[in-house]
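Colleague: I have a new model open on my screen and would like to learn how to read it. Could you take me through it, one feature at a time?

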Amino acid sequence: IPSVSQTPGRLNLFQFKNFKFLADFAHNPAGLNLLCDFVNRLDSTYKVGIISGTGDRRDDDIREIGKISGQNFDEIIIRQDKHLRGRTAEEIIDLLVEGINLGKTKDIPVTILQKEKEAIQYAYDNVKPGAIITIMCDVIPDALNYIKKLKEEEEKEI
């Protein structure tokens with residue numbers, strides 16, 4: 001796998017030394033299902049999902065994002081979108097956690113962080129070798145630029 005793969009407008013896969021980082025704009029249950037299908041076909045030992053809920057979606061849709069995440073990831077980081085779209089952060093988090101608890105088949109660590117960059121950095125700092133970190137991006141250019149910065153820093157160290 002090259003160090004960065006990109007499908008225009010959608011999927012961005014970064015190959016780090018000991019893990020992969022995948023960024024996508026999955027922002028509804030159908031998109032997350034497709035993303036998880038792809039992630040489950042990749043070679044990884046541990047799957048981390050950085051997820052969020054979109055405030056202007058139905059409660060059931062936000063819960064479904066959590067449920068799908070609980071079924072597919074070994075660890076989940078909940079982060080907030082820049083714009084909450086009519087809900088409080090607590091409402092969105094509660095719905096996602098409800099869904100995670102409905103979907104999980106094992107005990108899954110869940111970390112709640114406010115900002116996208118903070119979530120990316122946390123996942124990077126705590127990554128397990130062989131893992132794949134998947135993020136549902138809010139502001140795609142910001143997330144990609146931050147991941148690219150981490151990749152450049154890693155390459156300088158090698």
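Colleague: Let me start with the surface: about how much area does the chain expose, and what share of it do carbon and sulfur atoms supply?

Modeller: Happy to help, and please keep in mind that this is a predicted model. The exposed area of the chain comes to about 8000 Å², with carbon and sulfur atoms supplying 49% of it.

Colleague: And what about the inside: what percentage of the residues count as buried?

Modeller: A residue is called buried when its relative accessible area is under 20%. Here 49% of the 158 residues fall in that class.

Colleague: Now the fold. How many helices and strands does the chain have, and what pattern do they follow?

Modeller: There are five helices and seven strands. Going along the sequence, you read β-β-β-α-β-α-β-α-β-α-β-α. The radius of gyration is 15 Å, close to the 15 Å that the globule rule gives for 158 residues, so the chain is as compact as a globular protein of that length. For the extent in each direction, the C-alpha trace spans about 45 × 30 × 25 Å along its principal axes.

Colleague: What share of the contacts join residues that are at least 24 apart in sequence?

Modeller: Taking contacts between residues at least 6 apart in sequence, 75% join residues at least 24 apart.

Colleague: Let's turn to charge. How many positive and negative side chains are there, and how far apart are the centres of the two sets?

Modeller: The chain carries 22 positive and 26 negative side chains, and the two centres lie 3 Å apart. Side chains of opposite charge can pair when their charged atoms come close. In this model, a search of the whole structure turns up ten salt bridges.

Colleague: Which residue meets Arg 57 in a salt bridge, and are the two partners buried or exposed?

Modeller: Asp 56 is the partner, at 3.1 Å from N to O. Neither label fits outright: Arg 57 is partly exposed, with a relative accessible area of 23%, and Asp 56 is also partly exposed, at 44%.

Colleague: Which parts of the chain does the salt bridge between Glu 98 and Arg 63 tie together?

Modeller: The side chains of Glu 98 and Arg 63 meet at 2.8 Å, N to O. Glu 98 lies in helix 3 (residues 89-103) and Arg 63 in helix 2 (residues 59-72), so this pair ties together parts that are 35 residues apart in sequence. Glu 98 is partly exposed at 37% relative accessibility, and Arg 63 is partly exposed at 22%.

Colleague: Where do Glu 155 and Lys 151 lie, and how many residues apart are they?

Modeller: Both are in helix 5 (residues 140-157), four residues apart, which is about one turn of the helix. Their side chains form a salt bridge of 3.4 Å, N to O. Glu 155 counts as partly exposed at 42% relative accessibility, whereas Lys 151 counts as buried at 9%. Elsewhere, salt bridges that share partners join Asp 60, Arg 63 and Glu 98 into one network.

Colleague: Staying with helix 5, which residues does Ile 147 touch?

Modeller: For contacts, it helps to set aside residues up to four places away in sequence. With those left out, Ile 147 touches Phe 14, Phe 16, Phe 21, Ala 23, Ile 120 and Ile 135. Ile 147 is found in helix 5 and is buried, with a relative accessible area of 0%.

Colleague: Phe 16 is in that list. Where does Phe 16 lie, and is it buried or exposed?

Modeller: You will find Phe 16 in the loop between strand 2 (12-15) and strand 3 (20-24). Phe 16 is buried, with a relative accessible area of 2%. Again leaving out residues up to four places away in sequence, its contacts are Phe 21, Tyr 124, Ile 147, Leu 150, Lys 151 and Glu 154.

Colleague: Then what does Glu 154 touch in turn?

Modeller: With the same residues along the sequence left out, up to four places away, Glu 154 touches Phe 16, Lys 17, Phe 19 and Tyr 124. Glu 154 has its place in helix 5 and counts as buried, at 8% relative accessibility.

Key: Residues are numbered from 1 along each chain as its sequence is written. This is a predicted model: local features need pLDDT of at least 70, side-chain atom pairs count only at pLDDT 80 or more; totals for chains, interfaces and linings use all residues. Side-chain values use heavy atoms; hydrogens and water are left out. Helices (H or I, at least four residues) and strands (E, at least two) are DSSP runs, numbered from the N terminus. The radius of gyration is taken over C-alpha atoms; the globule rule is 2.2 Å times the number of residues to the power 0.38. Buried means under 20% relative accessible area, exposed over 50%, partly exposed in between (1.4 Å probe, protein chains only). Contact means heavy atoms within 4.5 Å. Accessible areas come from the Shrake-Rupley method with a 1.4 Å probe; for residues, only the protein chains shown count as cover. Lys and Arg count as positive and Asp and Glu as negative; His and the chain ends are not counted. The place of a charge is taken as NZ of Lys, CZ of Arg, CG of Asp or CD of Glu. A salt bridge is a side-chain nitrogen of Lys or Arg within 4 Å of a carboxyl oxygen of Asp or Glu.
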